[in-house]
Each structure stands twice: as C-alpha cells, then as structure tokens.
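Thanks for making time this morning. I would like to walk through one chain with you, starting from its strands and working outwards, so please have the viewer open.

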Amino acid sequence: MVEERDGHTFDLGPTIITAPYLFEELWALCGKILSDDVKLVAMDPFYQIRFDDGRIFSYSGDINQMRAEVAKFNPADVDGFERYLKISETIYKTAFEDLAAEPFDSLWFTLKCAPNMIKLGGHRTVFGKVSDYFADPSLRTVFSFHPLLIGGNPLTTTAYYCLIAHLERLHGVHFAMGGTGTLVKGMVKLLESQGGEIRYDSEVSAILSSKGKATGVRLAAGEELAADVVISNADAAWTYSNLMDGKPAKRWSKAKVDRQSYSMGLFVWYFGTKTKFDDVYHHMMLLGPRYEGLLKDIFINKKLTDDFSLYLHRPSATDPSLAPEGGDTFYVLSPVPNLDSGMNWEDEGERYRAAIQKRLEDTIMPGLGDALSTSFFYTPKDFETRLLSMKGAAFAMEPNLFQSAWFRPHNRSEEMENLFLVGAGTHPGAGVPGVLSSAKILGKIAPDSSVFRR
Ligand SMILES: Cc1cc2nc3c(=O)[nH]c(=O)nc-3n(C[C@H](O)[C@H](O)[C@H](O)COP(=O)(O)OP(=O)(O)OC[C@H]3O[C@@H](n4cnc5c(N)ncnc54)[C@H](O)[C@@H]3O)c2cc1C
C-alpha cells in the first residue's frame with residue numbers, strides 16, 4: 001500500500017526486495033519482462049547497522065568488505081564468519097531452493113524431509129546457531145537479527161532462517177525505483193494483461209461453501225460472488241477464525257488458532273522532512289542497548305519498553321522523486337509486542353512516536369523536530385482493524401519449528417475442497433520471497449484440481 005502526503009510518497013509495507021528472480025519468473029510466466037515495468041536497483045551496502053555506542057557495521061554482499069567489517073568488531077571471528085556463510089548456503093539450498101515452494105501438506109513428505117532438516121539444525125534457533133560461529137556479542141546480533149525481517153524472534157525461530165544471509169548475498173538486496181508501490185502497480189498491470197480483474201475496497205466477510213466445497217465469497221456489503229476455486233490471501237488465522245460463514249474450521253478451530261504464537265507487532269512512524277538528512281543511509285538498523293532482553297520483552301513478556309531498536313528507511317536517498325524538492329521521506333519501524341500485550345495504543349501511540357523522534361534526534365537526526373513536514377503512524381491496532389491481521393501481528397503466525405511447513409495452515413486448505421491459501425500465514429511464511437513462493441506452490445498443486453485446468 002502507498003500513501004501520498006504533502007508531496008511525500010510512503011510505502012506502508014515492504015521496502016527491502018530480496019530474491020528479485022521470483023518477480024522475474026512471475027513476469028516471464030505472463031510473457032513479459034520485469035525490467036520493462038519496474039526498475040530494481042541493487043543496494044550497496046545492503047544496510048548499515050548502528051550500535052547504541054555509535055559503532056556502525058556496514059552489511060554488504062561483498063565478501064572482502066564483510067571480512068573487514070567483522071575484523072573491525074572482532075578479528076578472531078573472521079574464520080567463524082566464513083564457516084557461517086557455508087552453513088547458510090547449505091541451509092539455503094535445502095530449505096529454500098528445494099523446499100520453500102513445496103506444498104508440505106502431507107505428513108509423510110514432512111517426515112521424509114525431517115532427518116535432513118534436523119541435520120541442518122532446524123531444531124536449533126537462529127541465535128543459537130549463529131552463536132556457534134561468532135564469539136563477539138555485537139556480531140551475534142548482526143548475523144542473527146534477520147528473522148525480525150519476517151516477524152520471527154531470533155531466540156526462538158528455527159535455524160532454517162540462517163538461510164537469509166546466503167539468499168541476500170546470492171541475489172542482492174534491492175529497492176524498486178518509485179517505491180515498492182511501483183512493483184504493486186506492475187503486478188496489477190500484469191494481472192489485467194491476463195484478463196484478471198481487481199475489485200478494490202471490497203472486504204470479504206465469508207467464504208461460501210456447499211457440501212464441503214468452496215463455492216464463492218460474500219462481500220461485507222452483502223454481494224455474493226460465485227467461484228469454482230477460492231484462494232484466500234487474507235491472514236490464514238483470520239480466514240479460519242472469521243470467514244468460515246458459520247461452519248467452524250475443524251483442524252484450525254478458533255481455540256487452536258488462538259493458541260498459536262504470533263509474530264511481533266510493528267509501530268511504524270511515517271514522516272517527511274523539509275530538509276535533507278544526507279548522513280542517513282537508505283536502510284539503517286538503529287540498535288538499542290539490549291538485544292536478548294529486548295527480544296524477550298517483545299515476544300515473551302509482551303512488554304513495551306523505551307530502549308527500542310529501530311529500522312529506519314530513507315527511500316529518497318535512492319529515489320529523490322519520493323520527496324518534495326530539498327526534502328526527505330522516511331519511515332521508522334519499531335518491533336513491539338502484538339495485541340496479546342493488552343496495550344491501549346490509542347493512549348500510547350503518540351507518546352511512543354515522540355520517544356522514537358527523541359531517539360532519532362539524539363543519535364543520527366539532530367534537528368528532526370523542526371524539519372518535520374508531515375507525520376502519521378500505524379500501531380498493531382491498525383494492523384488488526386485495517387489489514388485484518390490476527391492479534392495485530394505484522395507477519396502472521398511466528399515462524400518457529402512447530403508452526404512451520406506441515407504445522408502451518410496448508411496451502412491446500414484442510415477445511416474444505418477448492419479452498420487454497422497464499423500469503424504470510426501459510427507455508428512457507430512471511431516476507432516477500434516467502435509469499436511469492438506460496439503463490440508458486442499453487443502452480444504445483446493446481447493440476448490436482450480439475451477446476452484449475454479450465
Ligand atoms: C511495515 C512492514 C515492512 C515490511 N518490510 C518487508 C521488507 O522490507 N521485505 C520483505 O520481504 N518483507 C517485508 N515485510 C513483510 C511482508 O510485507 C509481508 O510478509 C507480506 O506483504 C505478506 O503478504 P500477504 O500477501 O500475505 O499479506 P498482505 O501484504 O498483508 O496482503 C493481504 C491483503 O489482503 C487484505 N485483506 C485481508 N483480509 C481481507 C478480507 N477479508 N477481504 C479483503 N481483503 C482482505 C489486506 O487488507 C491486505 O491488503 C514487511 C511487513 C510490514 C508490515
């Protein structure tokens with residue numbers, strides 16, 4: 001989603017595009033070329049990670065630069081870094097290349113994969129695995145934070161997600177000129193070129209069914225649309241809890257859905273400035289003083305604290321057209337507990353935003369308050385009410401071992417025939433590459449369903 005305010009263009013969601021080949025494949029499937037519609041530029045470095053004491057780790061895909069960065073923090077960890085890259089590559093080849101686009105709707109298939117996945121350390125956590133290779137606490141942070149990009153707690157997320165380091169190195173980290181909204185516009189054009197039609201502002205309130213088969217959807221406005229096949233891109237947990245039209249889900253009962261652990265929430269402050277902040281890199285992680293303690297507060301204690309860590313995005317650093325002349329466009333995102341915290345965001349939102357502004361002013365954006373030209377924010381409550389995400393979680397169910405693959409809501413629904421799920425809440429999980437892989441899975445399971453062959 002994109003919001004235009006006072007001459008600033010804000011992408012409300014994803015900004016970091018990894019595995020662009022998945023988009024290229026999608027365009028090629030429709031006989032088109034991605035670069036005709038969207039210009040992706042490679043980021044170098046991928047991002048800067050700023051520690052609370054002011055040290056900066058410049059994270060890139062260049063092996064020599066990365067060796068030098070690691071050595072800057074702890075020379076003794078360079079060897080571990082090289083070994084870590086190898087294990088990341090091995091995990092990537094199995095968990096992403098071989099398995100991310102497999103449906104995992106058979107327990108037998110899951111059991112067949114299990115020994116290999118355990119050998120790769122799937123039963124371990126990202127932080128645990130990274131700690132085998134790095135002794136320096138700051139480097140453990142640098143190489144284990146990636147699950148946060150898809151809503152996972154590095155302390156509990158399965159070590160399969162160590163694959164992200166290799167995925168980024170292999171395919172790069174990209175930004176879509178014009179913002180991620182340009183990719184979305186490109187996908188709309190692609191879909192329309194294939195005869196597809198999009199109904200905007202049309203909330204689905206129920207999936208209709210007859211004799212255990214999906215037959216269409218009902219919109220919140222009351223209109224019913226008949227369909228041979230229903231593919232739900234809504235949050236999987238929301239689909240099973242709220243869209244079953246009075247026929248409660250059996251495997252994904254409300255009680256089971258409620259028992260799952262959900263990814264973190266996000267507080268996202270979108271703001272524009274009248275002046276430029278040229279010292280701010282396009283993608284920056286601004287870490288607070290704590291790492292493990294902060295993660296426990298967000299994911300386990302569900303406690304909001306003011307020693308947050310932030311991801312700061314300055315798209316106008318790469319594409320100045322996203323801000324008015326002489327200004328900059330930003331968003332800053334803070335991982336926070338999901339709505340299980342019981343937090344009243346109506347009361348808390350502005351106070352929290354101001355605390356973030358102060359942190360930015362005290363660190364890398366002095367004078368921010370006077371430079372502001374526009375400002376608005378989203379809290380986990382907005383994720384629940386506007387995007388219909390269960391518990392306001394920004395990345396659906398948490399990607400821990402027993403909520404991944406076969407344990408996640410299946411792409412071919414277990415609840416009724418001709419209902420399929422795509423998106424972050426189903427296999428393989430959140431993040432743009434995961435979501436595109438879930439769409440690829442439909443291509444694989446489609447031939448089983450005669451309705452797809454029409
Ligand atoms: C702020 C933010 C930043 C992120 N940054 C990155 C990043 O840089 N890189 C990355 O790879 N990933 C990122 N992610 C994660 C990634 O964006 C998501 O995992 C991905 O967009 C999920 O795709 P999806 O199709 O499952 O859901 P969504 O993108 O949320 O799309 C689902 C859509 O369905 C609509 N919907 C829901 N229920 C209904 C209903 N009943 N009727 C009609 N419509 C409905 C929702 O309103 C929404 O528009 C980010 C996520 C957030 C929130």
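Strand S5, residues 47-50, runs parallel to strand S13, residues 283-286, and 3 bridges join the two. I should say at once that this is a predicted model, so everything I quote is computed from predicted coordinates. Within that parallel pair, Gln48 has Met284 as its bridge partner in S13. Gln48 also has a bridge partner in S6, namely Ser58, and that belongs to an antiparallel pairing in which 4 bridges join S5 to strand S6, residues 56-59. S5 and S6 make a hairpin with 5 residues between them, and in the turn you will find Gly54 with a positive phi of about 95°. As a reminder, strands of a sheet pair through backbone hydrogen bonds, in either the parallel or the antiparallel sense.

From Ser58 we can step across to a helix. If we set aside residues up to four places away in sequence, Glu69 touches Phe57 and Ser58, and Glu69 itself sits in helix H3, which covers residues 63-73. Is Glu69 buried or exposed? Glu69 counts as buried because 21 other C-beta atoms lie within 10 Å, where the cut-off for that class is 20 or more. For a sense of distance, Glu69 and Ala42 are 27 residues apart in sequence, and their C-alpha atoms are 20 Å apart in space.

Next, please look at another set of strands, where 3 of them form an open antiparallel sheet in the order S3-S7-S4. The edges are strand S3, residues 17-18, and strand S4, residues 40-42, each of which pairs on one side only. Between S3 and strand S7, residues 173-176, the antiparallel pairing extends over 2 bridges, and there Ile17 stands opposite His174 in S7.

Let me turn to the ligand. Which residues are closest to the ligand? The shell contains 21 residues, and the closest are Pro14, Ile16, Ala234, Gly423 and Val432. The elements that contribute two or more residues to this shell are strand S12, residues 265-273, and helix H16, residues 432-445. By class, the shell divides into 15 nonpolar, 5 polar and 1 charged residues.

At the level of domains, the chain is divided into domain 1, residues 56-171, and domain 2, which is made of residues 199-260 together with 395-453. The centres of the two domains, taken over C-alpha atoms, are separated by 29 Å. Across the boundary, 19 residues of domain 1 are in contact with 22 residues of domain 2, and the side of domain 1 that touches domain 2 has 9 nonpolar, 9 polar and 1 charged residues.

Finally, the chain as a whole. The chain has 16 helices and 17 strands, and its C-alpha atoms fill a box of roughly 60 × 50 × 45 Å along the principal axes. A compact globule of 454 residues would have a radius of gyration near 22 Å, and the chain, with 22 Å, agrees with that expectation. Buried residues make up 45% of the 454 residues. Among contacts with a separation of 6 or more, 70% are between residues 24 or more positions apart, and the pairing of S5 with S13, where Gln48 meets Met284 as bridge partner, is a place to go back to in the viewer.

Notes: Residues numbered from 1 in each chain as written. Predicted model: local features only at pLDDT ≥ 70, side-chain atom pairs only at ≥ 80, totals over all residues. Near = placed C-beta within 6 Å. Nonpolar A, V, L, I, M, F, W, Y, C, P; charged D, E, K, R; others polar. Pairing = 2+ DSSP bridges. Domains from an automatic or database assignment. Contact = placed C-beta atoms within 7 Å. Rg over C-alpha atoms; globule rule 2.2 N^0.38 Å. Buried ≥ 20, exposed ≤ 12 C-beta atoms within 10 Å, placed from the backbone.
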